[in-house]
Amino acid sequence: MAKRDRMSGNEAVATAMRQINPDVMGAFPITPSTEIPQYYSRFIADGLVDTEFVPVESEHSAMSVCIGASAAGARAVTATSSAGLAFMWELLYVAASARLPITMAVVNRALTGPININNDHSDSMGARDAGWIQIYAETNQEVYDNYIQAMPISETIRLPIMICQDGFITSHGVSNIELLEDEEVKEFVGEYKPEN
């Protein structure tokens, strides 16, 4: 049974993450995705999840944490935007070629030149051929729904996945959302049984 709430797209992603309770989150802040690890770190601090939160010094390291965790058989997540995704560039190919089911929230923002914080898909479109599954959301509801579906898709196909939303438009815009009950999400996502 769904329950109604009002939240931003970033909060919706963090809520879906909480309901899934991944094993590891590699995190480095970059606007407009910064709120995702912020919200999620509160869930950890409040004891609502038992995720190992790994704050790192760069987006490159955030993806490195996810690659190591996923290769060891853990469910790994991260979030990024814009130049942060570009800084992960070489590791996107490592994750895909190793067939690691990493789930990444991408809050789309233009790449810097000289600086641009507007919504633009040049970040994820630049990674189009890196071997990652990409799913785009038009609304906050879609962001939430897509994120919940991401892990089972990624783990079945054995490829990493990006759940993309529009920076500031959905990421910070608040709208009505129908949330699933925590137990429904846990049942849908299921237990992760890594191949190795």
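I'll start with helix H1, and with its buried residues: Gly-9, Asn-10, Ala-12, Val-13, Ala-14, Thr-15, Ala-16, Met-17, Arg-18, Gln-19 and Ile-20. That is 11 of the 12 residues of H1, so the helix is largely enclosed by the rest of the structure. Please keep in mind throughout that this is a predicted model.

On geometry, H1 covers residues 9-20 and reaches 17 Å from its first C-alpha to its last, close to the 16 Å expected at 1.5 Å a residue. Directly after H1 comes Asn-21, and its phi is positive, near 60°. I'll return to positive phi values later.

Now the whole protein. The count of secondary structure elements is eight helices and eight strands. The radius of gyration is 15 Å, and the globule rule gives 16 Å for 196 residues, so the protein is as compact as a globular protein of that length. Along the principal axes, the C-alpha atoms fill a box of roughly 45 × 40 × 30 Å.

How much of the protein is buried? Of the 196 residues, 52% are. The exposed surface comes to about 8,700 Å², and carbon and sulfur atoms supply 53% of that area. As for contacts, take those with a separation of 6 or more: residues 24 or more positions apart account for 79% of them.

Charge next. There are 12 positive and 26 negative side chains. The centres of the two sets lie 2 Å apart.

Let me go to helix H7, residues 140-157, where Ile-148 sits. Which residues does Ile-148 contact, leaving aside its neighbours within four places in sequence? They are Ala-16, Gln-19, Ile-20, Leu-180, Val-185, Phe-188 and Val-189. Ala-16, Gln-19 and Ile-20 are among the buried residues of H1 that I began with. Ile-148 has 3% relative accessibility and therefore counts as buried. For a sense of distance, its C-alpha is 17 Å from the C-alpha of Trp-132, which is 16 residues away along the chain.

Asn-146 is also in H7. Is Asn-146 buried or exposed? Its relative accessible area is 12%, and the cut-off for buried is under 20%, so Asn-146 is buried. Not counting residues up to four places away in sequence, Asn-146 touches Ile-135, Tyr-136, Ala-137 and Ile-163.

The next stop is a loop residue, Ser-171, between strands E7 and E8. Ser-171 is buried, with a relative accessible area of 0%. Beyond residues up to four places away in sequence, Ser-171 touches Ser-8, Gly-9, Asn-10, Pro-32, Glu-35, Val-107, Gln-165 and Asp-166. Two names on that list, Gly-9 and Asn-10, are buried residues of H1.

Another name on that list is Pro-32, which brings me to backbone geometry. As general background, most residues other than glycine have a negative phi, and most peptide bonds are trans. The peptide bond from Thr-31 to Pro-32 is cis, with omega near 5°. Pro-32 is located in the loop between strand E2, residues 24-27, and helix H2, residues 35-45.

Back to positive phi, as promised. Arg-99 is not a glycine, yet its phi is positive, about 55°. Where is Arg-99? In the loop between helix H5, residues 89-97, and strand E5, residues 103-108. Its relative accessible area is 39%, so Arg-99 is partly exposed.

Phe-168 is a further case: it is not a glycine either, and its phi is positive at about 70°. Phe-168 belongs to the loop between strand E7, residues 161-166, and strand E8, residues 174-179. With 30% relative accessibility, Phe-168 counts as partly exposed.

One last residue, Trp-89, in helix H5. Trp-89 has 32% relative accessibility and so counts as partly exposed. What does Trp-89 contact, leaving aside its neighbours within four places in sequence? Gly-126 and Ala-127. The C-alpha atoms of Trp-89 and Gly-126 are separated by 9.3 Å, with the two residues 37 apart along the chain.

To close, back to where I started: H1 has 11 of its 12 residues buried, and Ile-148 of H7 contacts residues including Ala-16, Gln-19 and Ile-20. That's what I have.

How values were computed. Residues numbered from 1 in each chain as written. Predicted model: local features only at pLDDT ≥ 70, side-chain atom pairs only at ≥ 80, totals over all residues. Heavy atoms only, no water. Helix = DSSP H or I, 4+ residues; strand = E, 2+ residues; numbered from the N terminus. Rg over C-alpha atoms; globule rule 2.2 N^0.38 Å. Buried < 20%, exposed > 50% of the residue type's maximum accessible area, 1.4 Å probe, protein only. Contact = heavy atoms within 4.5 Å. Areas by Shrake-Rupley, 256 points an atom, 1.4 Å probe, with all protein chains shown as cover. Lys, Arg positive; Asp, Glu negative; His and termini not counted. Charge placed at Lys NZ, Arg CZ, Asp CG, Glu CD. Expected span 1.5 Å × (residues − 1).
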